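Student: Could we go through this structure together, with a reason given for each word that we use to describe it?

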Amino acid sequence: METLMSINFQSFPRLRSDFLRILSERGFIQQCTDLEALDNWLSAGIGTGYNGFDLTADSLHVGHLIPIMMLRWFQKTGNRPIALMGGATTRLGDPSFRDTSRPLLNEEQIAGNLAGIRRIFERFLTFGDGPMDALMVNNADWLGSLRYLDFLRDVGPHFSVNRMLTSDSVRQRLEREQSLSLLEFNYMVMQGYDFHVLAENHGCLLQLGGSDQWGNILSGVEFGRRAGGRTLFGLTAPLLTTASGAKMGKSVSGAVWLNAERLSPYGFWQFWRNTEDADVGRFLRLFTELPLDEIARLGALQGSEINVAKKVLADEVTRLCHGADAAEEASETSRRMFEEGETAAGLPTVAVGSNALRDGLLLPDALVMAGLAKSRSEARRLILGGGVRVNSRAVSDEAMRIGHADMENRIIRLSVGRKKHVLLRLEP
């Protein structure tokens with residue numbers, strides 16, 4: 001089986017399918033089982049492809065946005081996307097690149113999580129009965145009724161334990177001598193069987209996923225060839241990290257959730273507004289639908305002008321995830337707070353003189369001045385504990401100084417945790 005671990009698209013100058021062309025231009029593709037054959041299949045008519053999501057929480061987070069956007073582009077380019085909900089596999093736990101087993105959930109918890117996650121997909125995909133309308137299916141519908149002996153007899157011979165042991169996700173656990181249960185080891189088999197069922201029932205020949213799923217996807221492609229005589233395809237996107245090396249989708253308070261019940265649209269907007277300068281162009285390509293020439297213009301902005309691009313990024317992603325009204329409200333709230341100096345939502349304000357900021361004010365001193373810490377020692381503990389933000393940017397350096405360069409229209413916002421915020425306003 002051909003696997004393209006690093007794709008040079010100069011070797012494929014004539015991608016015919018809109019889906020692959022758009023994904024290649026926007027930086028979504030890392031691995032593919034057979035790019036040329038996949039391109040031919042997608043160019044021949046309406047294709048059906050899927051991505052799977054386990055139901056470990058009642059919301060997805062920013063780390064899931066790449067596979068969600070891949071499904072969205074798949075539908076927008078004339079294909080039928082399937083969002084596979086892992087109602088059964090959630091009960092097992094995916095061992096991919098995890099050091100420990102996941103907590104197991106009961107059926108009631110899984111059902112509640114499914115309801116919350118469905119609301120997210122309804123904002124990104126169009127569901128219905130048409131040929132290009134999205135489907136949402138639950139693998140509990142077929143995995144839950146399997147008879148174990150029949151399954152071993154029919155499916156087991158098509159999976160090589162030798163090959164499964166070479167999968168990166170399994171091999172790394174074994175090399176570190178960390179426990180890997182039989183329950184988790186079966187995850188790869190379950191995912192491969194999902195692909196087979198979707199091919200049988202829906203003509204689904206493509207599985208999308210993150211690069212951490214590459215081993216699982218390959219097993220499914222091989223199982224489809226052996227059990228059904230089909231040519232199936234696998235396509236993965238890179239696991240995204242920021243320019244500083246941090247895992248995408250994490251903040252000082254934890255995951256950046258997509259549901260408003262977990263994280264307010266304003267907090268979501270602020271996450272994108274605080275994107276590192278070096279990531280702006282890349283994130284605009286991946287997480288918005290703006291034209292590439294406009295993205296190139298925004299990504300080329302320098303100095304303070306890059307903030308314009310960051311606001312566009314925040315507006316566009318929030319609009320996709322929470323709707324136009326929520327995006328506009330979040331943007332306006334930020335504008336009132338930082339551009340007009342208003343204390344939105346009643347935030348307390350502390351005046352600070354220009355002289356205090358000329359050489360930079362030590363962050364612990366600023367926290368004490370703002371009333372967010374009782375002493376410098378408490379302030380240092382808060383900073384080192386990862387609970388302090390300056391203008392919604394997490395900081396961990398107790399020696400950091402804040403000054404005029406940190407001001408946005410004469411205001412610096414200091415935060416401790418999620419609920420304690422104070423504005424430092426420069427005196428006239």
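**Reasons behind the words**

Tutor: At 27% relative accessibility, Arg282 counts as partly exposed, and since this is a predicted model, that value is computed from predicted coordinates.

Student: Why is Arg282 called partly exposed?

Tutor: Buried requires under 20% and exposed requires over 50%, and the 27% of Arg282 lies in between, so the label partly exposed applies.

Student: Is Asp279 then buried or exposed?

Tutor: Asp279 has 1% relative accessibility, which is under 20%, so Asp279 counts as buried.

Student: What makes the pair Arg282 and Asp279 a salt bridge?

Tutor: The side chains of Arg282 and Asp279 meet at 2.6 Å, N to O, and the rule asks for a side-chain nitrogen of Lys or Arg within 4 Å of a carboxyl oxygen of Asp or Glu, so the pair qualifies. By this rule the count comes to 16 salt bridges.

Student: How do you know that Asp18 and Arg21 form a salt bridge, and where do they lie?

Tutor: Their side chains meet at 3.1 Å, N to O, which is within 4 Å, so this pair also fits the rule. Both residues lie in helix H1 (residues 18-26), three residues apart, about one turn of the helix. Asp18 has a relative accessible area of 39% and Arg21 one of 32%, and each is partly exposed.

Student: Why is the salt bridge of Arg119 and Glu261 said to link distant parts of the chain?

Tutor: The side chains of Arg119 and Glu261 meet at 3.3 Å, N to O, although the two residues are 142 residues apart, with Arg119 in helix H4 (residues 107-124) and Glu261 in the loop between strand E8 (254-255) and helix H12 (265-273). Glu261, at 62% relative accessibility, is over the 50% limit and therefore counts as exposed, whereas Arg119, at 36%, is partly exposed.

Student: Which residues touch the most other members of the largest nonpolar core?

Tutor: This core has 87 residues, and those that touch the most other members are Phe19, Phe121, Leu235, Trp272 and Phe287. Helix H3 (residues 65-76) gives the largest share of this core, with eight residues. Apart from it lies another core, of 23 residues, which includes Val352 and Val416.

Student: What is the strand order in the open sheet of six strands, and what makes E1 and E4 its edge strands?

Tutor: The order is E1-E6-E5-E2-E3-E4, with mixed pairing. Strand E1 (31-32) and strand E4 (135-138) each have a single partner strand, so one side of each is left without a neighbour in the sheet.

Student: How many bridges join E3 to E4?

Tutor: Four bridges join strand E3 (residues 80-86) to E4, and the two strands run parallel; two strands count as paired when there are at least two bridges between them, so E3 and E4 meet that requirement. In E4, Asn138 is the bridge partner of Met85.

Student: Which strands stand at the edges of the open sheet with the order E9-E15-E14-E11-E12?

Tutor: In this sheet of five strands, strand E9 (349-352) and strand E12 (393-395) are the edge strands, since each pairs on one side only. Strand E11 (residues 388-390) and strand E14 (residues 411-416) are joined by three bridges and run antiparallel, and Arg389 has Ser415 as its bridge partner in E14.

Conventions. Residues are numbered from 1 along each chain as its sequence is written. This is a predicted model: local features need pLDDT of at least 70, side-chain atom pairs count only at pLDDT 80 or more; totals for chains, interfaces and linings use all residues. Side-chain values use heavy atoms; hydrogens and water are left out. A nonpolar core is a set of buried Ala, Val, Leu, Ile, Met, Phe, Trp, Tyr and Cys residues joined through side-chain atoms within 4.5 Å. Buried means under 20% relative accessible area, exposed over 50%, partly exposed in between (1.4 Å probe, protein chains only).
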